[in-house]
Amino acid sequence: MSGATTFEHVTVIVTESLTKRYPRVTALDRLSVDIAPGVTGLVGANGAGKSTLIKILLGLAPATEGTAHVLGLDVTKDGSTIRERVGYMPEHDCLPPDVSATEFVVHMARMAGLPPTAARERTADTLRHVGLYEERYRPIGGYSTGMKQRVKLAQALVHDPQLVFLDEPTNGLDPVGRDEMLGLIRRVHTDFGISVLVTSHLLGELERTCDHVVVVDGGKLLRSSSTTEFTKVTTSLAVEVTDTDAHPDGTGALRAALAAAGAAVTTGAPGAEGLASPGHVLFVEATGDETYDLVRDTVAGLGLGLVRMEQRRHQIAEVFRDADAQAAVGAPAQAGGAPAERAAAAGQNTDRPTTVGGGNAG
Ligand SMILES: Nc1ncnc2c1ncn2[C@@H]1O[C@H](COP(=O)(O)OP(=O)(O)OP(=O)(O)O)[C@@H](O)[C@H]1O
């Protein structure tokens, strides 16, 4: 594989006012974004324009207006060079059932221009990397969804690209399969120095995997920021306490004490509807470990019982709702329409909770 990225571009993808209009819908609406080397997540509800962007970046579909460059190459003129240097894992199943993973991936390597011996060697290496080495001679038709996703990933990597586009690689996977796939994606960058653009409608899994997250909605850029920045902004603690004789309203007492100590505290935050007793849950903006200590010490000081304290990051819908208030970094286009509703709709389509992160820190 390509090893260390000595000749990395400052940006791997640059779009300027990129617009794609279909007869009935504007799939991309003046999207301007710069993407640096590393692992970048592209998140948005179904229909947000993610796949359309990938097709334009590969030179497979023309933009209506605007410009786009991939690895310094112009998508309108250099499509075939881009496709030599970029791997693509499409969203939908596109695998022939009657051939083995080895046969298929060797074929894709040959299509990408590798000579026969190199194609076989690279196929073996790539299938080993994605964890399909043992099953590589079995027909793909008998594979599980997770194994098929791995074959799709392998064919995207086999020609040793500088960059890969992975369109919804965790689709259809159970939580364990998702975690394994996310780990593999991370290693595509750490082990081989290949930059990754990965799409998902689940912000949480992208946050765990990516250095940078780009949020699109209705074809517009909603937000582009580093994962650390994203997580910092969106992390809060959900805290639930018992009442005592001294504090018949334990939640109220804790809220007052935390506010007096300078913490940002709210009740009934969006998403609290799903909790057993939303009125008794406090949401404390977490600024770091000291927030955990403050909550623990304040609860102890009041003599309350701590029922739970867990890390709760905002749901994707909240990120969309907050977007108007947040200055989108480098975003000339502002969010329009009703993004929260569309994001919420995306949440309903997920097969696990949309809560970002969801880690239990208590
Ligand atoms: N070939 C096409 N002709 C007409 N409309 C299209 C075409 N391809 C996509 N669209 C529309 O453009 C919008 C963006 O679609 P796109 O597939 O890019 O979204 P997406 O974010 O990738 O969502 P999904 O994950 O559901 O594929 C949608 O409204 C879609 O219906």
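**Notes on the predicted model**

1. Starting with the overall make-up: the protein has twelve helices and 14 strands. Keep in mind that this is a predicted model. The chain runs to 362 residues, and 44% of them count as buried. Looking at contacts with a separation of 6 or more, 72% come from residues 24 or more positions apart.

2. On domains, the split puts residues 13-231 in domain 1 and residues 243-304 in domain 2. Their centres, taken over C-alpha atoms, are separated by 42 Å.

3. Now the sheet near the start of the chain. Four strands form an open sheet in the order β2-β1-β4-β5, and the pairing is antiparallel. Which strands sit at the edges? They are β2 (26-35) and β5 (73-74), each of which pairs on one side only. Strand β1 covers residues 13-21 and makes six bridges with β2, again in the antiparallel sense. If you want one pair to look at, I13 has I35 in β2 as its bridge partner.

4. Next, the ligand. There are 13 residues around the ligand, and Y22, A27, N46, S51 and T52 come nearest. Helix α1 (residues 50-57) is the top contributor to this shell, giving three residues. By class, the shell has six polar, four nonpolar and three charged residues.

5. The largest nonpolar core is worth a look: it has 63 residues, and the ones with the most contacts inside it are L57, V105, A154, V164, I185, V196 and V198. Helix α3 (residues 101-111) gives the most to this core, with six residues. There is also a second, separate core of 17 residues, with A253, L254, F283 and M309 among them.

6. V164 makes a handy viewpoint within the largest core, as one of the residues with the most contacts there. Leaving aside residues up to four places away in sequence, V164 touches V86, G87, M89, A156, L157, V188, I194 and V196.

7. Finally, a valine in another setting: V176, in helix α6 (residues 175-192). Is V176 buried or exposed? With 9 other C-beta atoms within 10 Å, V176 is exposed, because a residue counts as exposed at 12 or fewer. For scale, V176 and V105 are 71 residues apart in sequence, and their C-alpha atoms lie 25 Å apart in space. V105, by contrast, is listed with the residues that have the most contacts inside the largest nonpolar core.

How values were computed:
Residues are numbered from 1 along each chain as its sequence is written. This is a predicted model: local features need pLDDT of at least 70, side-chain atom pairs count only at pLDDT 80 or more; totals for chains, interfaces and linings use all residues. Helices (H or I, at least four residues) and strands (E, at least two) are DSSP runs, numbered from the N terminus. A residue is buried if 20 or more other C-beta atoms lie within 10 Å of its own, exposed if 12 or fewer, and partly exposed in between; C-beta atoms are placed from the backbone. Two residues are in contact if their C-beta atoms, placed from the backbone, lie within 7 Å. A residue is near a molecule or strand if its C-beta atom, placed from the backbone, lies within 6 Å of it. Ala, Val, Leu, Ile, Met, Phe, Trp, Tyr, Cys and Pro count as nonpolar, Asp, Glu, Lys and Arg as charged, and the others, Gly among them, as polar. Domain bounds come from an automatic or database domain assignment. A nonpolar core is a set of buried Ala, Val, Leu, Ile, Met, Phe, Trp, Tyr and Cys residues joined through C-beta atoms within 7 Å. Two strands pair if DSSP finds at least two bridges between them.
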